[in-house]
Amino acid sequence: MAEITAPQSPVTAEQFADEIREQLKYTQGVTVEQAKPADVYVATATAVRRHLMDSWMKTQTDMVNGNTKAVGYLSAEFLMGKQLENALLNAGLTDQFDKAVKALGFDAQEVIDAEYEPGLGNGGLGRLAACFIDSLASLGVPAFGYGIQYKYGIFKQEFDENGKQVETPDYWLANEEPWGHIDYNRDQKVSFGGEVVEENGKKVWKPAWSVRAVPVDYMVPGYASGRVNTLRLWTAKSYDEFDLLTFNKSEYLDAVKPQVEAENISKILYPEDSTPQGKALRLEQQYFFVSASIHDAIRVFYPGQDKPDLTTFPNKINFQLNDTHPVIGIPELMRVLMDEYDYDWDTAWDITRHTFNYTCHTLLPEALEVWPSKLIGELLPRHLEIIEKIQDQFAAELKAKGIADGTAKDMAIYTGDAVRMAYLATYGGSHVNGVAELHSQLLKDVTLKNFSDAYPDKFTNVTNGVTPRRFIKLANPRLSDLITEGLGTDKWLSDLELLKGLIPLADDDEFVKKFAAVKQANKVDFSNFAKRKYGFDIDPNTMINTMVKRLHEYKRQALKILSVIADYADIKSGKVSADDVMPRTIVFGAKAAPGYYLAKQTIQLINNVARVVNNDPDVKGKLNVYFPWNYNIELAQNLIPATDLDEQISQAGKEASGTGNMKFALNGALTVGTLDGANVEIRERVGAENFFLFGMTEPEVSALYAKGYDTKGLSREYYEKDPQLKAAIDMVADGTFSDGDKDTYKDLVNDWLTKDYFMTLADFRAYMDIQAQIEETYRDPMKWSRMAVLNVANSGYFSSDRSIEDYLERIWHTGPLA
Ligand code: 26V
């Protein structure tokens with residue numbers, strides 16, 4: 001019998017059923033007989049929150065009264081996923097819940113399904129923030145997540161009859177949301193606009209308008225730590241119910257306008273995740289949540305003090321800047337210290353630079369935010385002045401370091417016209433980190449090279465990770481049980497390196513067969529899920545080959561779909577007999593930014609390839625393509641455990657890290673991938689022989705750019721020279737996937753043949769070759785499963801607990817509460 005250490009509440013199933021009944025009656029006013037699954041969900045959530053309440057309060061008291069420095073994770077996005085199962089797990093109430101709802105006459109899954117998934121993030125960056133706050137709580141580190149409670153999350157994706165993406169609003173708050181507690185008594189005032197005047201030799205900002213930032217608190221329960229942290233998401237409310245003067249003139253609509261406009265600030269999550277639009281509203285959002293959070297931290301850590309000694313602020317809390325989105329916090333803290341608390345510039349600067357650290361999540365230059373000075377000046381005039389002064393100080397510092405004028409100019413935070421937020425973050429904080437080894441190296445060598453030369457000690461790496469609670473235990477209960485059986489303990493859930501204990505079991509045929517049976521059962525489950533949710537008929541006896549991530553050219557969904565088309569063309573032309581094809585089901589999941597034209601064309605192409613291939617009797621059962629719409633955390637939790645082969649095929653040097661890659665490896669999928677982001681480290685750990693590597697390396701990519709790949713149209717040579725590639729592209733161009741219309745994909749085809757910036761065509765041959773090798777391996781099930789076992793066993797490093805431990809040691813220099 002395995003040792004079980006998972007949290008276990010002493011409450012019995014009967015007692016828990018009573019608690020749910022009580023909530024139904026006294027909070028919701030419904031009887032058990034009247035209740036719907038959605039009522040039981042709300043009642044259960046409320047009951048679980050009560051179980052967590054004492055730990056939550058104690059964690060806060062211990063944090064404020066003790067002297068363990070806290071972490072404030074400032075992030076415009078937290079992609080949390082559904083909360084109920086995770087809260088039950090961490091409260092030790094999973095079994096009681098199953099029995100209690102059954103006793104009440106409900107189906108546990110229906111109750112779980114009643115929760116609406118909050119989509120308050122775009123993709124990897126937001127999901128990472130969610131994993132990190134889970135790990136912080138599980139390690140017992142005092143922490144706040146600070147962000148925005150958007151009224152509308154990431155859009156819901158639908159496909160129209162032509163296979164085009166259609167976005168619809170995600171109004172996730174349409175029904176009762178039992179997790180967030182809105183705390184009107186802990187509000188903050190956030191101001192905008194106006195002008196700066198001098199009064200008695202002091203700069204005074206006279207803002208033109210203000211909004212009320214009201215916190216909505218979410219409990220973040222740790223796993224087996226007894227700690228519960230806080231995710232504090234701000235919502236914008238108006239101060240002016242309506243303007244009486246205007247109202248008296250009976251211009252009702254004008255009277256409510258300020259209120260409507262104030263509340264716009266937290267209305268919608270921007271769905272772009274690489275090209276900043278330079279929109280005023282987005283800057284307002286950033287300043288809104290960062291200003292409220294800074295003031296909130298002062299309130300929390302210096303309770304009741306009018307004149308707190310804020311020189312101790314960096315010992316109370318360190319703010320982590322999740323990408324450039326919260327970087328306006330640097331001038332804001334300067335302003336607060338100087339204008340609200342009367343510190344001089346040097347003291348304020350010292351406090352500020354010891355308070356902030358910056359994580360960069362990209363390598364795409366266009367994704368680094370640069371704000372027009374004009375916009376900042378209009379919205380935050382005092383901050384622009386402070387930024388100018390920071391620039392002066394910075395320039396003087398660079399001069400003193402002997403840095404050449406030209407270089408210093410390249411490094412300018414403030415150029416006169418614009419403010420470069422990544423540079424401000426790098427200068428204004430103590431540490432800068434990338435999110436995987438390769439990424440951190442490229443930041444030092446390329447993106448932030450001058451900064452790394454001038455401030456080498458600031459730069460470090462923290463490789464990303466994912467929470468094993470959600471992405472193994474909850475997503476893959478069968479594998480979790482097998483791991484616990486194999487290791488003789490469930491301790492791996494809080495110490496994922498223990499998975500290494502599975503390495504010898506890769507040579508144990510019995511274990512490997514059990515492992516294969518788990519995967520097969522998960523595939524059957526997924527097939528049923530896909531039937532129920534999407535109406536798909538997925539054959540669980542085929543290889544499940546998955547590519548899920550945001551749709552971006554650099555991620556190269558185009559490479560995958562071209563390879564599918566090439567395989568299809570081979571069968572159609574008789575070059576390959578369908579009988580010889582290893583049956584495969586390809587599953588895509590991807591949202592495109594609404595204004596990203598080529599990404600949207602790629603979605604349309606994938607959908608139409610799916611339509612044509614799935615309806616062609618010549619390839620029936622051999623090659624199937626499915627594109628479940630609206631990829632989200634729930635779909636990830638169902639699809640990842642069922643996947644045999646995971647695609648991580650970005651152009652080398654473009655994907656900062658990737659975190660899907662980690663989730664798949666931990667769930668026993670094999671990876672086909674390039675040497676990019678964290679793939680490099682996954683391959684190092686699982687072993688080169690257990691990873692399907694292909695494609696150019698980053699230096700090879702750079703060399704090919706130097707030859708003029710994208711500027712001289714070199715991609716065309718690859719097309720001309722490779723008949724299989726040519727056949728695939730021709731098939732897209734000739735209307736096979738557009739009912740004969742040759743125009744539908746002309747821009748996509750034209751881009752491939754004239755520019756192909758991300759070198760899809762240049763990597764095509766290597767990709768086809770590795771796929772042939774993959775097929776051969778898959779035909780030997782025991783071999784494949786052994787490789788998969790070794791992927792699981794060697795991926796413990798990719799726990800977000802380990803990432804957080806690295807942040808604690810390299811950046812935050814703090815630890816668990818005593
Ligand atoms: C950027 C922007 C630009 C302005 C408009 C709004 C917006 C929203 C989000 C972003 C974030 C882009 C950066 C990002 O998501 N990076 C991803 O971070 C993951 C976690 O570190 C990492 O695994 C992925 O490789 C990286 O692409």
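This passage describes the overall fold, the domain arrangement, the ligand shell and one annotated lysine of a predicted model.

Residues are numbered from 1 along each chain as its sequence is written. Because the model is predicted, local features need pLDDT of at least 70 and side-chain atom pairs count only at pLDDT 80 or more, whereas totals for chains, interfaces and linings use all residues.

The chain contains 33 helices and 22 strands, assigned as DSSP runs numbered from the N terminus (helices, H or I, at least four residues; strands, E, at least two). Its radius of gyration, 27 Å, is close to the 28 Å that the globule rule gives for 818 residues, so the chain is as compact as a globular protein of that length; the radius is taken over C-alpha atoms, and the rule is 2.2 Å times the number of residues to the power 0.38. Along the principal axes, the C-alpha atoms fill a box of roughly 85 × 70 × 60 Å. Of the 818 residues, 51% count as buried (20 or more other C-beta atoms within 10 Å of the residue's own, with C-beta atoms placed from the backbone; exposed, 12 or fewer; partly exposed, in between).

Three domains are distinguished: domain 1 (9-66 + 87-116), domain 2 (67-82 + 117-301 + 311-462) and domain 3 (468-698 + 759-803), with bounds from an automatic or database domain assignment. The centres of domain 2 and domain 3, taken over C-alpha atoms, are separated by 34 Å. Their contact takes 44 residues from domain 2 and 35 residues from domain 3, two residues being in contact if their C-beta atoms, placed from the backbone, lie within 7 Å. On the side of domain 2 that touches domain 3, helix H6 (124-138), strand S3 (156-159), strand S4 (165-168) and helix H17 (437-447) each supply at least two residues. H6 gives the most to this side, with eight residues.

The ligand is surrounded by 23 residues, the closest being Gly124, Leu125, Pro276, His361 and Ser657 (C-beta atom, placed from the backbone, within 6 Å). Both domain 2 and domain 3 give residues to this shell, so the ligand lies between them.

An unreviewed UniProt entry lists Lys663 under "modified residue: N6-(pyridoxal phosphate)lysine"; such annotations may be inferred rather than shown by experiment. Lys663 is placed in helix H25 (residues 660-666) and is buried, with 29 other C-beta atoms within 10 Å. Leaving aside neighbours within four places in sequence, Lys663 is in contact with Val466, Phe471 and Ile640.
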